[in-house]
Each structure stands twice: as C-alpha cells, then as structure tokens.
Amino acid sequence: MTTLTQAKPNLLWLELTGCSGNIISLLDGAHPGFIDLVTSLVNFRYNNSLSAGESSDAMDQLLATLGTDFILIVEGAVATKANGRYTVIGSVQGKPLTALEALRLLGAQARHIVAVGSCATHGGMSAAAPNPSGCISVQQAVGRPVIQLPGCPCHPDWILGTLTALLEHGSLELDERHRPRLFYGNLIHDRCPRRSFFDQGIFARRLGESTCLFKLGCRGPVTRTDCPTRQWNQYVNWPVEDNTPCIGCAQFGFPDQMEPFISYDIT
Amino acid sequence: MDNHNWRYPTVQKRWERAPWQQQQTPPLSLTLAELAQYNGKKGMPAYIAVDGVIYDVTMEAAWAAASHFSLRAGQDLSGPYRACHRGQGILARLKVVGQLR
C-alpha cells in the first residue's frame with residue numbers, strides 16, 4: 001500500500017459506553033487492513049483494547065496527544081447520569097476520568113471526530129429504553145459536527161475508507177445526517193439481491209427461506225448501507241443472503257425503533 | 001455519476017392488479033376501535049389513518065412487519081406523520097381505503 005502524501009497525524013480511539021464490537025470489527029479490515037492503518041496511515045496512539053500500556057501509562061499516552069494534530073475516533077455512547085460516573089475509562093492522578101470528561105477534553109482539540117458504531121452515532125444499544133445510564137450520542141456530548149458511521153458494528157471499510165479519505169482529501173461527501181455518501185448512499189432494499197422477490201410478492205414465512213424477508217420484518221427498506229454489494233467478513237456474506245432479515249443496525253433509532261426484529265404472524 | 005438517490009423503476013407488483021382488473025370496493029368507514037383490528041397480523045391488512053383518511057400500508061416496503069420506526073399499524077398516526085414527513089408527498093403514493101368516523 002502506498003504511503004499517503006501528507007504527514008501522518010496521531011489517531012486516538014476512545015471506547016466509551018458500548019461493547020468494543022467496533023474495534024474488533026476494525027481488525028477484520030482487509031483492503032486496507034489494520035496493519036496498513038498502523039504502519040502507513042496514522043500514528044495510532046491510544047485504544048483501550050489494543051494499547052500495550054496499562055493504567056497510568058495508558059492515560060499518560062492518551063493525554064500526551066493533547067496539543068498535537070490528531071483525529072479522534074469514538075465508539076460507544078456517552079453516559080451522562082451521575083456526572084458520567086457510569087463509564088470511567090481510567091484515572092489521572094488518582095482521580096477517575098469519566099468518558100464524558102475525556103470526550104469533551106479531546107473532542108475540543110481533534111482535527112476530526114468520527115463516531116463509529118450505533119452507540120456513538122445516536123446512543124444505540126447503550127441508550128435503549130430505559131437507558132439507565134443516561135447515554136447520549138457523541139455529537140450531542142461534544143456539541144460540534146461529527147462524522148457519523150452508524151452500524152452495529154461498523155464495517156471496517158466504512159471506518160478505514162472514511163479515515164483514508166480524510167487523510168488524502170481533507171474531507172468527504174456527507175449526507176444531511178453527516179454520513180459518508182460513499183457507504184451510506186443507498187437503501188439496502190434498492191441493492192438487495194432478493195428485490196425481485198419483493199416486487200413479485202414472493203415472501204419468506206420462516207427463517208432460512210431464500211425469498212424476500214419483508215414479512216418477517218426486514219428493515220432493509222429503511223436502512224442505508226452498502227451491505228448487499230460490499231458484504232462482510234472480508235466480502236464473504238451478509239445477513240439477508242444468510243436468510244436472516246436486516247435488523248436496521250445502521251439506521252438511526254436502532255434498536256428501539258427497529259423492533260420487532262422478527263415476526264411470524266404478519267399478513 | 002451521482003447515484004445516491006437511485007431507485008428501481010416503478011414496476012407492476014403482483015398484488016397490484018391492473019386498473020381493468022381491480023375490483024371496486026366501497027370505501028371503509030371505521031372508528032378508531034375498528035381501525036385497531038387492521039394491525040397487519042393474522043390475515044388482517046395493515047391500515048393507518050392520517051388526518052381522517054385511512055391508508056393501506058400492508059405492502060409498503062417501509063412498513064415491514066406492519067411497523068415503522070416503533071409505530072404500529074391499526075392506529076391514527078396523524079401526529080407522527082406531521083412530525084416526520086410533512087411536505088414529503090408520501091401520502092399521495094399510498095392506497096386510500098376509507099375514512100375515520
């Protein structure tokens with residue numbers, strides 16, 4: 001892979017209130033992949049799951065990036081109840097550093113903020129009713145425009161493609177909800193290989209059937225991603241072609257507004 | 001090519017009979033309680049009401065499982081419609097089946 005023409009910025013990846021599924025998804029990236037990211041694209045300075053440093057060493061590494069040119073990727077929602085004490089990412093000089101504090105501190109200085117995964121973009125699972133920790137999205141917490149990459153998890157190409165575009169061109173085309181059109185420009189329904197079954201009114205009645213999953217509750221018609229053409233697991237498969245309905249994981253409002261995920265009694 | 005708004009062309013769907021094949025059924029006149037039976041389940045079609053007009057959403061792609069962003073069929077959805085879709089012309093594309101009384 002060719003090294004980018006501009007100087008490599010620092011990259012910080014914060015994991016807030018979530019499941020760390022997005023950093024795991026990133027490791028499945030292929031073209032480019034994670035090795036390309038850390039060797040050719042950026043100086044990857046901090047991530048809760050991957051950093052070699054522990055405890056105060058890790059916090060020192062994180063805070064040492066302040067004042068430099070860095071891009072901030074955030075996964076997970078932002079817990080706000082009890083002044084953010086529901087999610088503590090480390091301690092600084094013996095005091096707990098909450099996710100809320102860390103995000104506001106770093107978010108104010110970052111060149112770009114990229115919210116990765118549905119918890120970061122709109123609260124997602126972490127903010128699902130009854131939302132016990134008062135989770136909000138990254139954009140709500142930092143109060144400045146954030147590039148939104150919804151998905152549960154986010155596809156590694158959506159992350160690495162966005163990052164590469166930012167590094168090479170400084171920006172990329174976003175839609176009205178700040179999603180890159182490159183990855184979120186089309187409805188799943190419009191590119192679905194089972195679309196002809198929908199148009200002909202031929203519907204699956206049980207999981208495992210190879211026709212349109214609309215009557216089982218498929219959310220492809222309201223969800224914008226390129227899953228049908230890009231596919232997952234290094235371009236091998238995706239839910240609908242494995243006979244399970246899209247649950248709208250990349251749609252704002254997921255999961256509460258995408259329920260029910262499966263229905264068997266629909267006319 | 002700027003194709004982010006690309007759509008499949010409108011096609012004749014199997015459940016949409018040609019005009020000369022369509023049976024004219026008298027428009028429904030339903031109370032809210034009667035409308036609730038048309039919830040899209042167990043053989044019932046999925047109807048919603050907006051501003052007193054009842055629409056059929058049984059085969060609407062955005063109404064999979066007779067639900068749409070937490071909203072369920074069989075209800076008067078005038079308020080949510082105005083909040084989300086005012087001015088988008090969506091109702092003109094839906095099949096009218098009657099009126100609330």
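Cysteine and proline count as nonpolar here, along with Ala, Val, Leu, Ile, Met, Phe, Trp and Tyr; Asp, Glu, Lys and Arg count as charged, and the others, Gly among them, as polar. The exercises below concern a predicted model.

**Exercise 1.** Describe the largest cavity and its lining.

*Solution.*
Step 1. The search of the whole structure yields five cavities of 30 Å³ or more.
Step 2. The largest cavity holds about 110 Å³ of space.
Step 3. Its lining comprises 13 residues, and those closest to the centre are His189(A), Cys192(A), Cys212(A), Cys218(A) and Pro221(A).
Step 4. Two elements of chain A, α9 (188–191) and α10 (195–200), are those that give two or more residues to this lining.
Step 5. Sorted by class, the lining of the largest cavity has nine nonpolar, two polar and two charged residues.

**Exercise 2.** Determine in which sense strands β5 and β6 of chain A pair, and examine their hairpin.

*Solution.*
Step 1. Strand β5 of chain A covers residues 88–92 and strand β6 of chain A covers residues 95–98; the two pair in the antiparallel sense over four bridges.
Step 2. Within this pairing, Ser91(A) has Pro96(A) in β6(A) as its bridge partner.
Step 3. Two residues lie between the strands of the hairpin, and Gln93(A) adopts a positive phi near 50 degrees.

**Exercise 3.** Characterise the domain that UniProt lists for residues 30–101 of chain B.

*Solution.*
Step 1. The unreviewed UniProt entry gives this range as "domain: Cytochrome b5 heme-binding".
Step 2. Over residues 30–101 of chain B, helix accounts for 17% and strand for 26%.
Step 3. The end C-alpha atoms of residues 30–101 of chain B are 6 Å apart.

Methods: Residues are numbered from 1 along each chain as its sequence is written. Chains are lettered from A and ligands numbered from 1 in the order in which they are written. This is a predicted model: local features need pLDDT of at least 70, side-chain atom pairs count only at pLDDT 80 or more; totals for chains, interfaces and linings use all residues. Side-chain values use heavy atoms; hydrogens and water are left out. Two strands pair if DSSP finds at least two bridges between them. On a 1 Å grid over the protein atoms alone, a cavity is a set of points where a 1.4 Å probe fits but cannot get out, and a pocket is an open set with protein on both sides within 12 Å along at least five of seven lines; lining residues have an atom within 4 Å of a point. Grid points are joined across faces, edges and corners, and a volume is the space filled by probe spheres set on the points. UniProt positions are given in the numbering used here, feature names are shortened, and annotations may be inferred rather than shown by experiment.
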